[in-house]
Amino acid sequence: MDFSHLLNPAQLANALALASLLTILSSGLALIFGLRDVMNFAHGALYMLGAYMGYTVANHLNFWSALVIVPLLLAVFGAVLEYGVLRPLQRRSHMDVALITFGYALIIGQGITLLWGTQPMSVSAPAALASSFDLFGDPYPAYRAFLIVVGFGACSLLAAWLKWTRSGMHVRAVSQQPMVSRMMGVNTDRLSLLVVCLGAAFAGLAGVLAGPYLSIDPGMGPSILISCMIVVIVGGLGSIGGAIAAAVVYGFIQVFGTMVSPTLAVLAPYLLLFFVLLWRPQGFGRGRVA
Amino acid sequence: MNASSTIQASGAHLIAPPSKKNITGANVALAAILVAAGAFLPLALSDTFYLTLLVNGVVLGIAALAIGFLAHQCGLIMFGAAGFAGGSSYLFAIAVNQFGWQLMAASAFAVAAATGLSFLVGMLVVRTRPLPFAMMTLALAQMLKEVVSITEARPVTGGDDGLNLSFTGTFFGLTQAELSSPVTFWPVAWLALCGVLCVAWAVDRSRTGTVLRMIKANEERMRFSGFDTYWPRVWAFSLAGLMAAISGLLVGLNAAFVSPELLDFATGGMALVSMLIGGASTVLGPVVGALLYVIGQDQFGTSGHLELLTGVAVVVVIMGFPDGVFGTIRKTLIRTRRREQDQKGEHAAR
């Protein structure tokens, strides 16, 4: 088999585009998990909601305003999730809370089909990004490059916030030692509100960004949720750096696997998950949110 | 537990044998009569529509019971029960179509192979904490779904279209036509349910069940007390896999058709939702939940609001009734009975 065609810049960029989408989603998922110890099964549904809202806003106003408005709206959803579920139930078993988010995922998913129908929809890329540019001799869609930049840019900002600000430090502290941080005077509830809103807003951002890249349909939430969970587990539960690394690995495996053998590509993420958990059960990352 | 227990190398002898208070001859006879009478239900209930509903509820109930069993005994939620249930349906279908086996041989093969698979998977996953566990089983089911949908596997698995089955031989004397009719299929489903319920009850009351629940409460302490904490959980997982496999086999037998949807997260979600609504704290809870689910599916399935309502039901039940519907009813009954006894006691004292 000829492998030379695998290593061209366009494929590399495709892998990065998928990875950047997964990174945005997984980092939000990992943040919420780090702080509340709850796997948010509604994350895929929030992403899907973001995509549908993005579709509506992009049709009425334009894509750029959707990119701003939708994450803000989703942040409100995040606040509802925090006040309605995570905070009142923080003394309950974390599995119970995860199952409740699963219930919310069902509700949001069905709500979306009631409001928008089940037909797949597509959003066209904004005019400025509709063209393609020359990437080392191959034409490459400008929108995907934009997706990569925004995705990794958002994650870098997140990482910088966690690393260099006081509130970011508090988030890291709570993720590692919730009890001790509370004793030291960190307001966990306020922090959790911030983080859950941020996580939901990131899901909304990913949804809007996914619109012109993938098609919008009611199955998009559940399918990406499983990918994200694989990424978060492989990256190490609660670790942002690990999640970014794992998302990139996942993207590459998917894109290159599809070219080598579609059969293998389908199985690769699961095999990756099983191997990582057997070889290194804590995942790529060191410790929790970092 | 007394002070001397810390000196013992193993605390294994400290677990009191489970009480056999309720296992009297009369109760066993009553249960046997109920099981036997249940098998003849189609004689009393002539409406095939409701009978179909009941059969679906029972088949779903067995899968829900598998999830509930593992949740109650080990505290592990199996998100991917569809993997073992649908896996068993597919193995059955492949044995019938590809190998051309007789029904009995194919059924035995499907259940045995799916249970073997769950044993192997169990050896890997029971070590993990509940959350990674839930996700790994989910990933397994999703992986199996992708495998059967692969285009290359189309000659064997039928790809996205699924497989239509034509049986040779009989299943305990039932032919294909009889298996697809709810009237004649009912005894099979009913007896399977009773068998699985008996096993779950027996394990629940056995010493193994006690050990499992103690491991759930504090794995580390159990290990320090000299208990093996690994193999009991592997066995419990395999047993749950066996129950799911039985449910999957029943689906294959009854429908004579398999498709990748059987392995879908949504299908596993049905059993999971049933278990959550019924509650895992009792053996019967998941089965009651499955019956409620099937009734709801019949009532609201056509309007398309089923998912919405199941979502609401899951949220309300977990928030308000952590023991599930059946568990809450049982608790209330026990409480009122105790109160009555207390009042009687007071009267006697006066």
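Q: Does Gln142(B) count as buried or exposed?

A: The general idea is relative accessible area, worked out with a 1.4 Å probe on protein chains only: under 20% is buried, over 50% is exposed, and anything in between is partly exposed. Gln142(B) comes out at 12%, so it counts as buried. Before we go on: this is a predicted model, where local features need pLDDT of at least 70 and side-chain atom pairs count only at pLDDT 80 or more, while totals for chains, interfaces and linings use all residues. Residues are numbered from 1 along each chain as its sequence is written, chains are lettered from A and ligands numbered from 1 in the order in which they are written, and side-chain values use heavy atoms, with hydrogens and water left out.

Q: Which helix is Gln142(B) found in?

A: Helices (DSSP runs of H or I, at least four residues) and strands (runs of E, at least two) are numbered from the N terminus. Gln142(B) belongs to helix α6 of chain B, which covers residues 130-149.

Q: And which residues does Gln142(B) touch?

A: Touching, or contact, means heavy atoms within 4.5 Å. Leaving out residues up to four places away in sequence, Gln142(B) touches Ile226(A), Tyr270(A) and Phe265(B). Notice the chain letters there: Ile226(A) and Tyr270(A) carry an A.

Q: So how many residues of chain A are in contact with chain B?

A: The count is 31 residues of chain A against 36 residues of chain B. Another way to look at it is buried area, the accessible area (1.4 Å probe) that two parts lose on being put together, summed over both. For chain A and chain B this is about 3200 Å², with carbon and sulfur atoms giving 85% of it.

Q: Which helices supply the side of chain A that touches chain B?

A: Four of them, α3 (63-86), α4 (94-116), α9 (220-235) and α11 (262-279), each supply at least two residues. The largest share is that of α4(A), with twelve residues. To sort residues by character, take Ala, Val, Leu, Ile, Met, Phe, Trp, Tyr, Cys and Pro as nonpolar, Asp, Glu, Lys and Arg as charged, and the others, Gly among them, as polar. On that basis this side of chain A has 24 nonpolar, five polar and two charged residues.

Q: How many salt bridges does the rule find across the interface of chain A and chain B?

A: The rule wants a side-chain nitrogen of Lys or Arg within 4 Å of a carboxyl oxygen of Asp or Glu. Across this interface it finds zero. Over all chains, though, the structure holds eight salt bridges.

Q: Which residues does Arg36(A) pair with in salt bridges?

A: One partner is Glu82(A), with the closest N and O atoms 2.8 Å apart. Arg36(A) lies in helix α1 (residues 9-36) and Glu82(A) in helix α3 of chain A, so this pair ties together parts that are 46 residues apart in sequence. Another partner is Asp189(A), at 3.3 Å from N to O. Asp189(A) sits in helix α8 (residues 188-213) of chain A, so the pair with Arg36(A) ties together parts 153 residues apart in sequence. Glu82(A) also bridges to Arg87(A), at 3.0 Å between the closest N and O atoms. Arg36(A), Glu82(A), Arg87(A) and Asp189(A) are thus named as a linked network of salt bridges.

Q: Is Asp189(A) in that network buried or partly exposed?

A: Asp189(A) is partly exposed, at 24% relative accessible area. Arg36(A) is buried at 8%, and Glu82(A) is buried at 0%.

Q: Which residue other than glycine has a phi near 55°?

A: That is Ala256(B), whose phi is positive. Ala256(B) lies in the loop between α12 (231-255) and β2 (257-258) of chain B and is buried at 11%. Asp37(A) has a positive phi too, about 65°. Asp37(A) is in the loop between α1 and α2 (43-60) of chain A and is partly exposed at 32%.

Q: How many helices and strands does chain B have?

A: Chain B has 16 helices and two strands. For overall shape, there is the radius of gyration over C-alpha atoms, set against a globule rule of 2.2 Å times the number of residues to the power 0.38. Chain B has 22 Å, close to the 20 Å that the rule gives for 350 residues, so it is as compact as a globular protein of that length. Its C-alpha trace spans about 70 × 50 × 40 Å along the principal axes, and 47% of the 350 residues of chain B count as buried.
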